[in-house]
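This explanation concerns the pairing of charged side chains in a protein chain. The reader is invited to keep the model in view while following the text.

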Amino acid sequence: MPKKLIQESLKIQKQLIKRIKSCKKPYMIKVEDKEIIILPKVFPPATDSILLVKTVKFKSRDVVLDACSGSGIYTIFAGDKAKKIIATDISKYAVKNIRDNVKLHNLEDKVTVIQSDIFPKSKIKFDIILINPPYTDKKAKDVVEKTVWDEGHKTVNKFFQSAKQFLKENGKIYLSWANFADLSFIENLAKKAGYEIKRVAKATKNNRVYIIYEIKSRRLRHTTR
Ligand SMILES: C[S@@+](CC[C@H](N)C(=O)[O-])C[C@H]1O[C@@H](n2cnc3c(N)ncnc32)[C@H](O)[C@@H]1O
């Protein structure tokens with residue numbers, strides 16, 4: 001990976017962290033046709049978040065996990081169609097933010113919001129799992145830095161170890177990743193953990209490339225003699 005791209009991306013992440021930390025009041029943004037509240041200390045939807053929103057289509061029977069939910073943007077878009085949604089985030093500020101957006105969009109009946117490390121405690125199975133995790137292997141000192149940095153890539157490592165247990169037989173994962181965090185890293189991580197992974201959408205911003213991956217659990221092939 002070009003050193004310049006990594007340095008530029010780190011600079012942009014530092015600017016984003018500074019911007020999030022300087023925000024002292026809730027504010028509204030508009031994504032497509034929807035108003036989304038953003039609270040202080042919470043990640044505001046970015047290029048990759050919006051690309052994922054445009055890529056994933058939900059069915060009325062879908063049970064959805066929105067992991068690393070942030071403001072809850074995916075939950076709000078899934079809420080138009082899906083049957084049931086569980087949204088998780090490690091940050092208490094994000095959890096409050098998701099709840100505020102769920103209330104604003106009258107989705108209380110179908111959404112459960114949980115403060116947790118990626119997955120819910122219950123062993124529920126999902127048709128669709130959505131995740132825009134922190135991309136960069138760097139120590140995070142606080143809840144805001146944790147939105148983009150994750151030392152040792154703990155979040156995605158844990159995600160691929162356990163996601164299979166939470167997927168229905170034909171369930172699909174949609175995960176975003178970026179070239180400055182090494183696309184081959186995430187593709188190899190998924191393959192080694194027993195998943196099929198393919199690129200389904202792409203957005204480019206200057207030198208940065210964002211990819212949405214569709215990921216399925218690899219089926220065991222039974223051989224007959
Ligand atoms: C890049 S933001 C994405 C937020 C939102 N999905 C979006 O696209 O706008 C990553 C989010 O993951 C959360 N997070 C980081 N580590 C986590 C973990 N281990 N479990 C759950 N959430 C985590 C952060 O608090 C942050 O809200």
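The paragraphs below take up the salt bridges of this predicted model and the exposure of the residues that form them.

In this model, the count of salt bridges comes to 11. One of them joins the side chains of Lys158 and Asp117, with a distance of 3.3 Å from N to O. This pair connects distant parts of the chain, since the two residues are 41 apart: Lys158 belongs to helix 5 (residues 154-162), and Asp117 lies in the loop between strand 5 (111-115) and strand 6 (126-131). Lys158 is partly exposed, at a relative accessible area of 30%, and Asp117 is also partly exposed, at 37%.

A further salt bridge brings together Lys168 and Asp127, whose side chains meet at 3.1 Å, N to O. Here too, distant parts of the chain are linked: Lys168 is found in strand 7 (residues 167-178) and Asp127 in strand 6, with their positions 41 residues apart in numbering. Lys168 counts as partly exposed, at 32% relative accessibility. Asp127, by contrast, has a relative accessible area of 13% and is therefore buried, as the value is under 20%.

The side chains of Lys141 and Glu145 form another salt bridge, at 3.3 Å from N to O. Lys141 is exposed, with 68% relative accessibility, whereas Glu145 is buried, with a relative accessible area of 6%. Both residues also take part in a network of salt bridges, in which they are linked with Lys21 and Asp142.

Key:
Residues numbered from 1 in each chain as written. Predicted model: local features only at pLDDT ≥ 70, side-chain atom pairs only at ≥ 80, totals over all residues. Heavy atoms only, no water. Salt bridge = Lys/Arg side-chain N within 4 Å of Asp/Glu carboxyl O. Helix = DSSP H or I, 4+ residues; strand = E, 2+ residues; numbered from the N terminus. Buried < 20%, exposed > 50% of the residue type's maximum accessible area, 1.4 Å probe, protein only.
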